Amino acid sequence: MTSGSSRSPLRVLGIDPGLTRCGVGIVDVAPDRSAQLVHVGVVRSDPSEPIEARLALIATGLRAVIAAHRPDVVAVERVFAQHNRHTVMGTAQASGIALLVAGESGLPAATHTPSEVKAAITGYGSADKRQVQAMVARVLRLDALPRPADAADALALALCHAWRGGPAAAASGPLTPAQRAWADAERLSRR
């Protein structure tokens with residue numbers, strides 16, 4: 001292989017799991033860490049439907065996105081404890097479906113916590129949703145903030161994974177301020 005700049009971009013599918021709205025975002029990230037939007041959307045399920053039908057609908061929607069866009073890797077938001085047990089259960093179920101569909105498709109998958117994503121995108125692990133959306137729009141050179149929030153979160157997950165864990169993360173070149181902050185935070189957490 002020749003220089004790192006001749007490598008093809010890494011295509012990452014980010015998934016913000018949710019039972020009613022499951023955000024999906026696909027980005028191509030070049031070895032120099034520049035990124036381009038490929039697809040953004042939401043897979044929806046009706047809360048009045050039985051849980052098994054809702055999960056099947058999410059799986060079908062995710063399979064269709066994978067078939068249409070052929071990502072190299074999948075990044076899913078890691079489920080964390082929330083105050084509302086009903087919400088966390090639906091999120092955990094949708095997350096399991098996302099990881100299952102990735103496995104069925106033969107795609108490597110990783111999970112990232114919301115604070116990991118925020119730190120990777122903004123350089124600050126406690127950034128609010130609007131700050132993350134604004135940075136995603138800036139990185140992807142979008143004219144408007146990505147909407148709905150579930151879709152914006154999915155794009156942020158995809159970027160986080162590419163910058164931190166995918167082959168693009170190992171490429172030579174200077175780190176962005178957010179990537180430097182993330183690397184520093186990782187070093188401190190290992191002590």
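Biologist: In this predicted model, which side chain meets Asp-150 in a salt bridge?
Modeller: Asp-150 sits in helix H5, and the other member of the pair sits in strand S2, 129 residues apart. The N to O distance is 2.7 Å, and the cut-off is 4 Å. The partner of Asp-150 is Arg-21.

Biologist: Is Asp-150 buried or exposed?
Modeller: Buried means under 20% relative accessible area. Asp-150 has 13% relative accessibility, so Asp-150 counts as buried.

Biologist: And what is the relative accessible area of Arg-21?
Modeller: Values between 20% and 50% count as partly exposed. Arg-21 falls in that class, and its relative accessible area is 38%.

Biologist: Which residue forms a salt bridge with Asp-153?
Modeller: Asp-153 belongs to H5, and its partner belongs to helix H4 (residues 129–139), 24 residues apart. Asp-153 is buried, with a relative accessible area of 13%. The partner counts as partly exposed at 45% relative accessibility. The N to O distance is 2.5 Å, and the partner is Lys-129.

Biologist: Which strands does helix H5 touch?
Modeller: Helix H5 covers residues 149–164 and packs on the sheet. Its direction makes about 40 degrees with that of S2. The strands touched are S1, S2, S3, S4 and S5.

Biologist: How many residues of H5 are buried?
Modeller: H5 has 16 residues and is mostly covered. Asp-150 in H5 is buried, and Asp-153 in H5 is buried too. The number buried is 14.

Biologist: How far apart are the end C-alpha atoms of H5?
Modeller: Take 1.5 Å a residue for one less than the number of residues. For the 16 residues of H5, the expected span is 22 Å. The model agrees, with the end C-alpha atoms apart by 22 Å.

Biologist: What is the strand order in the sheet?
Modeller: The sheet is open, has 5 strands and shows mixed pairing. Its edge strands are S3 (35–44) and S5 (109–112), each pairing on one side only. Neighbouring strands are turned by 20 degrees against each other on average, direction ignored. The order is S3-S2-S1-S4-S5.

Biologist: How many bridges join S1 to S2?
Modeller: S1 (residues 10–16) and S2 (residues 21–29) run antiparallel. They form a hairpin with 4 residues between them. Leu-10 has Val-29 as its bridge partner, and Asp-16 has Gly-23. The number of bridges is 7.

Biologist: How many bridges join S2 to S3?
Modeller: These strands also form a hairpin, with 5 residues between them. Arg-33 in the turn has a positive phi of about 75 degrees. Val-27 stands opposite Leu-37 in S3. S2 and S3 run antiparallel, and the number of bridges is 9.

Biologist: Why is S2 largely enclosed by the rest of the structure?
Modeller: Helix H1 (residues 51–69) lies across S1, S2 and S3, and H5 touches S2 as well. S2 counts as largely enclosed because its buried residues number 8 of the 9.

Biologist: Which residue of S2 forms a salt bridge with Arg-11?
Modeller: Arg-11 lies in S1, and its partner in S2 is 17 residues apart. Arg-11 is partly exposed at 22% relative accessible area, whereas the partner counts as buried at 14%. The closest N and O atoms are 2.6 Å apart, and the partner is Asp-28.

Conventions
Residues numbered from 1 in each chain as written. Predicted model: local features only at pLDDT ≥ 70, side-chain atom pairs only at ≥ 80, totals over all residues. Heavy atoms only, no water. Pairing = 2+ DSSP bridges. Helix = DSSP H or I, 4+ residues; strand = E, 2+ residues; numbered from the N terminus. Axes fitted to C-alpha atoms, helices over the stretch in contact; angles between N-to-C directions. Contact = heavy atoms within 4.5 Å. Buried < 20%, exposed > 50% of the residue type's maximum accessible area, 1.4 Å probe, protein only.
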